[in-house]
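Reader: I should like to work through this structure by question and answer. Please begin with whatever term is needed to follow the packing.

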Protein chains: 2
Amino acid sequence: METVKLDTLDQKLLTALQTDCRQTTKMLSLKLNLSTTAVHERIKKLEKSGVIAGYVAIVDQVRVDKNFVVFCHIKLQQHKQALLTGFEQAVSLLPEVLECYHVSGDYDYILKIAVRDMEAYRKFLVEKLTTIDYIASTHSIFKINEVKRSHVLAF
Amino acid sequence: METVKLDTLDQKLLTALQTDCRQTTKMLSLKLNLSTTAVHERIKKLEKSGVIAGYVAIVDQVRVDKNFVVFCHIKLQQHKQALLTGFEQAVSLLPEVLECYHVSGDYDYILKIAVRDMEAYRKFLVEKLTTIDYIASTHSIFKINEVKRSHVLAF
DNA sequence: AAAATTAATAGAATATTTTTCTGTTAATTT
DNA sequence: AAATTAACAGAAAAATATTCTATTAATTTT
């Protein structure tokens with residue numbers, strides 16, 4: 001049971017909570033035409049089944065001076081299992097790396113990195129990222145503008 | 001005043017809330033060695049200054065059957081202002097598109113898209129994305145594995 | 001199809017948490 | 001050094017979440 005069945009009310013609830021999880025059960029109950037108890041129990045159920053993985057605060061990258069975003073494409077020298085997991089563990093430990101995906105295509109990994117500015121990125125690249133073993137090449141693509149960033153999985 | 005000055009306590013608070021925003025002020029006050037009032041006032045200040053942009057529920061992509069993630073690189077035919085904003089508005093309206101960035105390099109935009117499976121992606125591509133005007137080319141890169149996905153901007 | 005069981009819901013009571021209030025201390029400015 | 005402002009703590013009040021009890025709807029079993 002990897003996936004979970006969701007009725008329309010669950011979907012509405014998830015959309016609402018993905019947009020703003022600080023809404024009171026009262027507010028949600030009005031939106032869904034349910035009692036606060038029903039809303040509460042549905043939320044608890046979604047938490048227990050793992051559909052809701054957690055609740056987080058969204059921080060403005062500009063105000064905390066972390067608005068220099070880079071997509072870094074990485075090729076590895078070899079593709080042995082041990083090597084991949086070694087790379088993946090090392091990358092996961094870097095706080096500047098917000099996201100890392102193993103992908104299909106011309107390169108092996110896509111990383112999303114957020115730092116202060118170009119100089120901070122240079123330091124990160126030279127002193128942290130490229131010290132990881134077996135990287136064949138890196139290719140940096142710089143964010144010019146953020147058009148859309150959403151956390152809402154629609155149904 | 002685009003950026004906001006943050007002391008060590010603010011930074012600790014933000015790290016904690018970016019990890020789990022459902023922690024009670026009591027829990028946070030113990031972690032920061034502060035009173036609940038002090039924690040509360042700091043949070044309100046961070047909200048008002050826009051450092052905290054919001055609070056959202058994180059939904060498990062696997063359980064809601066939206067775990068087919070694609071990075072789509074897009075080139076436009078021209079680069080006139082009106083054309084860019086037209087494209088950006090159209091893309092922003094698509095719920096499958098979680099993220100869209102205008103970027104430097106060989107192509108103009110990077111999109112992150114989450115759908116059910118390859119067939120859903122094909123439909124999205126043919127029926128939605130490529131109906132937008134002035135797209136010169138698209139190039140899809142498929143997620144093989146998610147190594148890291150974090151919402152925590154570290155200090 | 002009827003009875004039994006389970007799941008979902010509502011309203012009220014309780015527990016918890018947030019928010020406000022008052023006063024105090026620390027830091028900054030004049 | 002005095003005055004002002006900002007940050008903080010403890011207690012009180014307000015709001016919210018959670019639990020409890022009962023009812024209804026849906027499903028399963030006989």
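Author: Contact means heavy atoms within 4.5 Å. The model discussed here is predicted.

Reader: Which elements cover the buried residues of α4(A)?

Author: The buried residues of α4(A) are A:Leu83, A:Leu84, A:Phe87, A:Glu88 and A:Val91. They occupy an arc of only 130° around the axis, which places them on the same side of α4(A). Their cover includes strands of chain A and one of chain B: β2 (68–76), β3 (97–103), β4 (109–115) and β5 (135–149) of chain A, together with β5 (135–149) of chain B.

Reader: Which residues are exposed on the other side of α4(A), and what does the helix reach from its first C-alpha to its last?

Author: On that other side, the exposed residues are A:Gln81, A:Ala82 and A:Gln89. Helix α4 of chain A has 12 residues (81–92), and at 1.5 Å a residue the expected value is 16 Å. The reach from the first C-alpha to the last is close to this, at 16 Å.

Reader: How are chain A and chain B related, and what rotation superposes them?

Author: The superposition of chain A on chain B has an RMSD of 0.0 Å and a shift of 0.0 Å along the axis, with a rotation of 180°. The two copies are thus related as by a two-fold rotation axis. In chain A, the C-alpha nearest that axis lies 2.8 Å from it and belongs to A:Val56.

Reader: Why may one say that the copies meet through the same surface?

Author: The argument rests on the interface residues of chain A that are also interface residues in chain B. The copies meet through the same surface because this share is 100%.

Reader: Which elements do the buried residues of α3(A) pack against?

Author: The buried residues of α3(A) are A:Val39, A:Ile43 and A:Leu46. Seen down the helix axis, they fall within an arc of 65°, so they line one face of α3(A). On the other side, A:Glu41, A:Lys45 and A:Lys48 are exposed. The buried residues pack against α1 (8–19), α2 (25–32) and β1 (52–59) of chain A.

Reader: With which residues is A:Leu13 in contact, leaving aside its neighbours within four places in sequence?

Author: A:Leu13 belongs to the largest nonpolar core, which has 54 residues, and is among those with the most contacts inside it. Leaving aside neighbours within four places in sequence, its contacts are A:Leu28, A:Leu32, A:Val39, A:Arg42, A:Ile43 and A:Leu46.

Reader: Does A:Asp10 count as buried or exposed, and what is it in contact with beyond its neighbours within four places in sequence?

Author: A:Asp10 lies in helix α1 of chain A. The threshold for buried is under 20% relative accessible area, so A:Asp10, at 11%, counts as buried. Leaving aside neighbours within four places in sequence, A:Asp10 is in contact with A:Lys5, A:Arg42 and A:Leu46.

Reader: What phi does A:Tyr134 have, and what phi does B:Asp65 have?

Author: Most residues other than glycine have a negative phi. A:Tyr134 lies in the loop between α5 (118–128) and β5 of chain A, whereas B:Asp65 is in the loop between β1 (52–59) and β2 (68–76) of chain B. A:Tyr134 is partly exposed at 41% relative accessibility, and B:Asp65 is partly exposed at 25%. Neither is a glycine, yet each has a positive phi: about 70° for A:Tyr134 and about 65° for B:Asp65.

Conventions:
Residues numbered from 1 in each chain as written. Chains lettered and ligands numbered in written order. Predicted model: local features only at pLDDT ≥ 70, side-chain atom pairs only at ≥ 80, totals over all residues. Heavy atoms only, no water. Least-squares fit on C-alpha atoms with pLDDT ≥ 70 in both. Helix = DSSP H or I, 4+ residues; strand = E, 2+ residues; numbered from the N terminus. Expected span 1.5 Å × (residues − 1). Buried < 20%, exposed > 50% of the residue type's maximum accessible area, 1.4 Å probe, protein only. Arc of directions from axis to C-beta. Core = buried A, V, L, I, M, F, W, Y, C linked by side-chain atoms within 4.5 Å.
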